[in-house]
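Let's take a walk through this model together, starting from the inside. Keep the structure open as you read, and rotate it whenever a new residue comes up.

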Amino acid sequence: MSSDRRFVIEERLAGRLRLYRDRDGGLPRIEAEIEGVVLEGELALDSGEFVVWSSEDCPYEETLHITLLGPEGDVLDSVDLGRAMQPGVFQNFKALSDGVAEFDFFPEQRHRLEVRDAPCGLLTHILRRSRLKLTPTDQATTHDKPT
């Protein structure tokens, strides 16, 4: 698990970002297209998957997009965080363990993101469960603390 920034914005489209990430060892680069116009953060998982956070750059009614990408850049799951007429700023990101991170977005509220294991078995496609679990935590922080 690593939280270093290695995805690069290749192109900004209407409300979307086209990203790429070079691989080590001469393998083809990873390419992805996600919602949002600002790349806020990323997390590389031990499984070879990635979580990226992006936003709409609308400070008075912000939406945060959290996207789970496969090792080749395919979108596996996504969840949005936002409220009508509610400002939001992505900050105070902290990776806790592989697939678990916390961050601030709304004032006085901290969120925890957990990436669940990929389901396997006969009914995987029928009983599709979200891989991203987003919950507010009891720990309140403010937007005045440094990231």
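**Starting from the core**

In this predicted model, the largest nonpolar core is made up of 16 residues. If you want to find its best-connected members, look for Val51, Trp53, Leu64, Ile66, Phe103, Phe105 and Leu113, which have the most contacts inside the core. Four elements supply two or more residues each: β5 (50–55), β6 (63–69), β9 (100–104) and β10 (110–115). Of the contributors, β6 gives the most, with three residues. Apart from this core you will find another one, of 11 residues, including Leu19, Ile30, Ala32 and Leu39.

Now let's zoom in on a single side chain. Which residues is leucine 113 in contact with, once its neighbours within four places in sequence are left aside? Among them are Val51, Trp53, Ile66 and Phe103, four residues that also appear with Leu113 in the list of those with the most contacts inside the core. Leucine 113 also touches Gly99, Val100 and Ala101, as well as Leu132, Lys133 and Leu134.

The strand pairing comes next. β9 and β10 run antiparallel and are joined by five bridges; in one of the pairings, valine 100 has glutamate 114 of β10 as its bridge partner. These two strands form a hairpin, with five residues between them. While you are at the turn, check the backbone of glutamate 108, where phi is positive at about 65 degrees.

On we go to β11 (residues 132–136), which pairs with β10 in the antiparallel sense over five bridges. Here valine 115 has leucine 132 of β11 as its bridge partner. Leucine 132 is also one of the contacts of leucine 113.

Definitions and conventions: Residues are numbered from 1 along each chain as its sequence is written. This is a predicted model: local features need pLDDT of at least 70, side-chain atom pairs count only at pLDDT 80 or more; totals for chains, interfaces and linings use all residues. Side-chain values use heavy atoms; hydrogens and water are left out. A nonpolar core is a set of buried Ala, Val, Leu, Ile, Met, Phe, Trp, Tyr and Cys residues joined through side-chain atoms within 4.5 Å. Buried means under 20% relative accessible area, exposed over 50%, partly exposed in between (1.4 Å probe, protein chains only). Contact means heavy atoms within 4.5 Å. Two strands pair if DSSP finds at least two bridges between them.
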